[in-house]
Amino acid sequence: MFETVEVGHVLEKQEYKRLVPDLRADLLEMQRRLGRSSISAVILLGGVEGAGRSETVNVLHKWMDARGLETHAMWGPSDEEQRHPPMWRYWRRLPPAGKIGVFFDSWYTPYLDLGRSNRMTSAEIEAGLARVKAFEQTLAAEGVVVLKFWLHLSRKAQRQRIEGLAADPDTAWRVTERERKCVKRYAAFCRVAKHVVRVTDSPEAPWHLVEAVDERYRHYTVARTVLDAISARLEAPSSPPPAAAPAQPLAPVVEPNLLSHLDLTKHLPKARYKHELHEYQHRLGLLTRRLRQSDRSLVVVLEGADASGKGGAIRRMTRAMDARDYRVVSIAAPTDEERAHPWLWRFWRGIPPRGSVTVYDRSWYGRVLVERVEGFATNDDWMRAYGEINDFEEQLTEAGIVLVKCWLQIGPDEQLRRFRERETVKHKQYKITEEDWRNREKSNAYTAAAVDMIERTSTEYAPWTLVEAEDKKYARLKVLRTVVERLSDAEL
């Protein structure tokens, strides 16, 4: 397909007129079925300049119900998008279940743009393409049909197409210096494109190469492929619902482990606590104000058992910061909107822009903790999540985000004491629920899941800090000190 194509496939006008009515009816019926499903679709349109991508999208909008089809023209990133990790702009535009998203340009653009790709090393390009491939596999595993089209023209056909557009007063505006430059760099562009397509073609997200010389053939082939791929997914047998959570974890808690080694008797005298708290809050305030000047941001993740003191640690942090520069996100059960997207979508949306701070009271680790233990996620879901989390966090740190993760650990006796205190102290009663008591009954399962989680996701770029939290003063100060030290190491 990437070799020289002088004419390519042609669909005669009469045959086209015969086929299109049934195709349009089938597309609308497919959309109706899609709208009632838990499936979404992403259509990526790539190709050589002048291959008719915009005309093809217009035809899709004409033949389908535009209410279920949203097109995103991914030109250069906006100021807001530049303040976030590169993939943020794509994650936030993913369609919900029942909808189709069409992307002009896409996450492939940096590797297909000769000007940008020439500034990358070969290792950076290959690592980026591997990440893109993993991203698409994640989408496919979450019920997204990923359709990638490459619309191709030969060198001669491209030149004729561009010249024809330039000669017509109604379309001449579409031919800029960029299009003329693309004609001159045709061979180099095709070499890059062949490599990108070959490396990122996969069963979960295959490339569909379409000869684009004849517009009728192009329109029909793209629309037919969309219909067939989404229909096949809709007709595939549904996965069985997750089994009920077992009474015991899949693997029993092994003693000793990295949590049982913690010395929970660690204590901090009140006078020393007050002195060091003031010192570290002062330093935290200075460092977070430097984030904006250094074009960095901060994400703090606090995890731990119920009543382990996450809220108290958060309050000591936020007192040191300007309220305009931070937000605290408390993660609960996902909303209907969040359930309609891949599970990481809601966390990508909350990533702070450069210069800002986000503190998470619980986080994306719910997938491998509560969802695993309670049976809300299948074994395949939570096991796959470890790799997806590590990749997510690596992208955050590569984008200049200082990522701090703390696990607050308390023993069962101290947890019981705090639960009972919450029940009796009036201003603390809102903190205790029946769910807390139910979770306590599964403490062994949660401990096993936590140990597994920490071992699998403590990386050199996003290590876990284990906090002995039976003494609240000690725990609060250790969290503060950890955040301050990580910011200091970042050389803001």
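How much area does the protein chain expose, and what share do carbon and sulfur atoms supply? The protein chain of this predicted model exposes about 24100 Å², and carbon and sulfur atoms supply 50% of that area. With that in mind, here are the views.

**Figure 1. The whole chain, with its 21 helices and ten strands.** Let us start with the overall picture before zooming in. The C-alpha trace of the protein chain spans about 85 × 50 × 40 Å along its principal axes. The chain has 492 residues, and buried residues make up 51% of them. If we take contacts between residues at least 6 apart in sequence, 81% join residues at least 24 apart. As for charge, the chain carries 78 positive and 71 negative charges, and the mean positions of these two groups are 4 Å apart.

**Figure 2. Trp-364 and the largest nonpolar core.** This core holds 105 residues, and the members that touch the most other members are Trp-107, Ile-230 and Trp-364. The close-up is centred on Trp-364. Residues up to four places away in sequence aside, Trp-364 touches Val-299, Val-301, Trp-343, Leu-344, Phe-347, Ile-389, Phe-392, Glu-393 and Leu-403. A second core, separate from this one, has 33 residues, among them Val-404, Leu-408, Val-467 and Ala-469. As background, nonpolar side chains in soluble globular proteins tend to be buried together.

**Figure 3. Asp-105 and Ser-106, two residues of the loop between β3 and α5.** The loop that holds Asp-105 runs between β3 (100-104) and α5 (109-112). What is the phi of Asp-105? The angle is near 60°, a positive value in a residue other than glycine. Most residues other than glycine have a negative phi. Asp-105 counts as buried because its relative accessible area is 17%, under the 20% cut-off. Ser-106 is buried too, at 5% relative accessibility. Once neighbours within four places in sequence are left aside, Ser-106 is in contact with Leu-44 and Tyr-90.

**Figure 4. Arg-362, another residue with a positive phi.** Here we move to the loop between β8 (357-361) and α16 (370-373), where Arg-362 is found. Arg-362 is not a glycine, although its phi is positive at about 70°. Is Arg-362 buried or partly exposed? Its relative accessible area is 25%, so Arg-362 is partly exposed.

**Figure 5. Gly-46 in strand β1.** Strand β1 covers residues 40-47 and includes Gly-46. Gly-46 is buried, with a relative accessible area of 12%. Which residues does Gly-46 contact, leaving aside its neighbours within four places in sequence? They are Arg-53, Phe-149, Trp-150 and Leu-151. For Leu-151, a C-alpha distance is also at hand: 105 residues separate Gly-46 and Leu-151 along the chain, while their C-alpha atoms are separated by 6.3 Å.

**Figure 6. Ala-157 in helix α8.** Helix α8 takes in residues 155-167, and Ala-157 is found there. The relative accessible area of Ala-157 is 9%, so Ala-157 is buried. Please look for Val-213 in this view as well. Ala-157 and Val-213 are 56 residues apart in sequence, and their C-alpha atoms are 6.9 Å apart in space.

**Figure 7. Lys-428 and a polar contact with Glu-421.** Lys-428 has its place in the loop between α18 (412-424) and α19 (434-441). Is this lysine buried or exposed? Lys-428 counts as buried because its relative accessibility is 18%, where the cut-off for buried is under 20%. The side chains of Lys-428 and Glu-421 are joined by a polar contact of 3.4 Å. Neighbours within four places in sequence aside, the residues in contact with Lys-428 are Glu-421, Arg-422 and Lys-472.

**Figure 8. Val-484 in helix α21.** The last close-up shows a valine in a helix that covers residues 472-489. At 0% relative accessibility, Val-484 counts as buried. Not counting residues up to four places away in sequence, Val-484 touches Tyr-280, Arg-283, Leu-284 and Leu-287. How many residues apart along the chain are Val-484 and Thr-288? They are 196 residues apart along the chain, and their C-alpha atoms are separated by 9.2 Å.

How values were computed: Residues numbered from 1 in each chain as written. Predicted model: local features only at pLDDT ≥ 70, side-chain atom pairs only at ≥ 80, totals over all residues. Heavy atoms only, no water. Core = buried A, V, L, I, M, F, W, Y, C linked by side-chain atoms within 4.5 Å. Buried < 20%, exposed > 50% of the residue type's maximum accessible area, 1.4 Å probe, protein only. Contact = heavy atoms within 4.5 Å. Helix = DSSP H or I, 4+ residues; strand = E, 2+ residues; numbered from the N terminus. Areas by Shrake-Rupley, 256 points an atom, 1.4 Å probe, with all protein chains shown as cover. Lys, Arg positive; Asp, Glu negative; His and termini not counted. Charge placed at Lys NZ, Arg CZ, Asp CG, Glu CD. Polar contact = N/O pair within 3.5 Å; in protein donor to acceptor, adjacent residues only side chain to side chain.
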